[in-house]
Amino acid sequence: MVHSRSNRRFQILAHSVLLIFSLFVLLPFLLLFISSFTEEATLMVNGYSYFPEKLSLESYSYIFKNAPKIFRAYAVTILVTAVGTFINILMSSMIAYPLSLKNFPCRRIITFYLFFTMLFNGGLVPTYLMYANFFHIKNTLFALIIPAFLLSAMNVLLIRTYISTSVPDALFEAAQVDGASEFTIFFKIVIPLSKPILVTMGLFAGLAYWNDWTNGLYYITDSKLYSIQNLLNKMITDIQVLTSDSNISSQAAAEVSKLPAVGIRMAIAVVAMLPILILFPFVQKYFQKGIALGAVKG
C-alpha cells in the first residue's frame, strides 16, 4: 500500500514536470500565432501578448495577395521534400543494411569514411563551384534536392545501429537458406521491420528539406523555383527594404507605412510551419517508437 502511494506520487510529480515542459514548448507557438492576428499598432505599443487589445487580419491579407506565388512555392517545397526525403531514406537504408552485417568485408572502412564526412567537408566555396560549374544544377530543382541533404551520414549510422540491434540475424540466415537474394531480404525483411527508425529519420530529413533556405539562396535566382522558405524570406527582405528606403515617393511611403511589418513576420512564420504541424501527429507514433528503441538499444 505504501509502495502504491509512493508510486502514485511519483507519477503525479513526473506528469506535472512533463506538463510544465510541454507548456514551455507550446506557449511560444501560441504567442507566435496570436501575434500574427494582432493589429500592428497594438504590437508596436504593447509588444507581444497572449491577450491583445485588438485583432487584425492585415498580415494574412498581405500574404494572400501573393497567393499564386505562395502556392507555387508550396508546390516546389512539397515536391522537393517528398522526393528528397524518399531518396535520402532509400539510399541511407541501402548503405546501412550491408554495414549492419557482421561478415561484410569493408564494413569498418566504409563506416570510418561515413564518420569522417561528419567531421570534415570541402568547404562552402569549393562545394558551390563544384555544384554550379561541374554539375550545372544552378536554377534547377536538383539544387534544392542534392546539396547537403541527399545522403546523411548520421541517418546511415543510426539506421545501421537499429538494424544490427533490432533485426535478428536468424531472419537473414533463414531467408538465405530459402534462396532469397540480398535485395529480397532488404525489401521484404529489413524495410518492414525497420519502419520506426525509417519514419523517424524520414521526419528529420523532411524537416531539413522543408526548412532549408540556404540551397535556394546559393543556387536559385529564378523566382519560379523558390521554395516556401526562400519566398517568405524574400518577402521579409522586400518589406525591410521598402520601410528603410528614403527615396520613395510620399504616396508610396504612405502605403508602406500601412504595412504591418512585425505582424507579417509572425504570419509568415505560421504559414511556413503550418504543414509540418499538421503532418506531425500522423507520424508521431513511429517517431516515439523509433526514439524509444534507439534509447533502449543504445
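Which residues does Val80 touch, not counting residues up to four places away in sequence? In this predicted model, the partners of Val80 are Thr85, Leu141, Leu144, Ile145 and Tyr209. Val80 itself sits in helix 4. With a relative accessibility of 4%, Val80 counts as buried, because the cut-off for that class is under 20%. The pairing with Leu141 spans 61 residues in sequence, yet the two C-alpha atoms are 7.3 Å apart in space. Val80 is a helpful place to begin, and a wider view of the protein comes next.

The protein is built with 15 helices and 0 strands. Its chain has 298 residues, of which 34% count as buried. Among contacts with a separation of 6 or more, 74% join residues that are 24 or more positions apart. The exposed surface comes to about 18,500 Å², and 69% of that area is supplied by carbon and sulfur atoms.

Helix 4, the element that holds Val80, covers residues 67-100 and also includes Ser93. Is Ser93 buried or exposed? Ser93 is buried, since its relative accessible area of 3% falls under the 20% cut-off. Leaving aside residues up to four places away in sequence, Ser93 touches Ile159, Phe186, Ile191 and Leu198.

Attention can now turn to the empty space inside the model. Rolling a probe the size of a water molecule over the atoms shows where such space is left. A search of the whole structure finds 1 cavity of 30 Å³ or more. The volume of the largest cavity is about 60 Å³. Its lining is made of Thr77, Val80, Thr81, Leu144, Tyr209, Trp210, Asp212 and Ser227. Val80 thus returns here as a lining residue, and so do Leu144 and Tyr209, two of the residues that Val80 touches. Helix 4 and helix 11 are the elements that give two or more residues to this lining. Helix 4 gives the most, with 3 residues. By class, the cavity lining has 4 nonpolar, 3 polar and 1 charged residues.

The model also has pockets, and the largest of them has a volume of about 810 Å³. Its lining takes in 29 residues, and those nearest the centre are Asn121, Tyr131, Pro147, Ala148 and Leu151. Two or more lining residues come from each of helix 5 (107-119), helix 6 (124-134), helix 8 (153-166) and helix 12 (214-219). This lining divides into 20 nonpolar, 8 polar and 1 charged residues.

The second largest pocket has a volume of about 410 Å³. It is lined by 20 residues, with Thr85, Phe86, Val199, Gly202 and Leu203 lying nearest its centre. The elements that supply two or more residues to this lining are helix 4, helix 11 (195-211) and helix 15 (261-297). In this lining, 15 residues are nonpolar, 5 are polar and none is charged. Thr85, named here among the residues nearest the centre, is also one of the residues that Val80 touches.

A last topic is the pairing of charged side chains. Side chains of opposite charge can pair when their charged atoms come close. How many salt bridges does the structure hold? There are 2 salt bridges in the structure. One of them joins the side chains of Glu39 and Lys54, at 3.5 Å from N to O. Glu39 lies in the loop between helix 1 (2-36) and helix 2 (40-46), while Lys54 lies in the loop between helix 2 and helix 3 (58-64), so this pair ties together parts that are 15 residues apart in sequence. Lys54 counts as partly exposed, with 45% relative accessibility.

Another salt bridge links Lys102 with Asp169, whose closest N and O atoms are 3.5 Å apart. Lys102 is found in the loop between helix 4 and helix 5, and Asp169 belongs to helix 9 (residues 169-177), so the pair ties together parts that are 67 residues apart in sequence. Lys102 counts as exposed because its relative accessibility of 59% is over the 50% cut-off. Asp169, at 36% relative accessibility, counts as partly exposed.

Terms used. Residues are numbered from 1 along each chain as its sequence is written. This is a predicted model: local features need pLDDT of at least 70, side-chain atom pairs count only at pLDDT 80 or more; totals for chains, interfaces and linings use all residues. Side-chain values use heavy atoms; hydrogens and water are left out. Helices (H or I, at least four residues) and strands (E, at least two) are DSSP runs, numbered from the N terminus. Buried means under 20% relative accessible area, exposed over 50%, partly exposed in between (1.4 Å probe, protein chains only). Contact means heavy atoms within 4.5 Å. Accessible areas come from the Shrake-Rupley method with a 1.4 Å probe; for residues, only the protein chains shown count as cover. On a 1 Å grid over the protein atoms alone, a cavity is a set of points where a 1.4 Å probe fits but cannot get out, and a pocket is an open set with protein on both sides within 12 Å along at least five of seven lines; lining residues have an atom within 4 Å of a point. Grid points are joined across faces, edges and corners, and a volume is the space filled by probe spheres set on the points. Ala, Val, Leu, Ile, Met, Phe, Trp, Tyr, Cys and Pro count as nonpolar, Asp, Glu, Lys and Arg as charged, and the others, Gly among them, as polar. A salt bridge is a side-chain nitrogen of Lys or Arg within 4 Å of a carboxyl oxygen of Asp or Glu.
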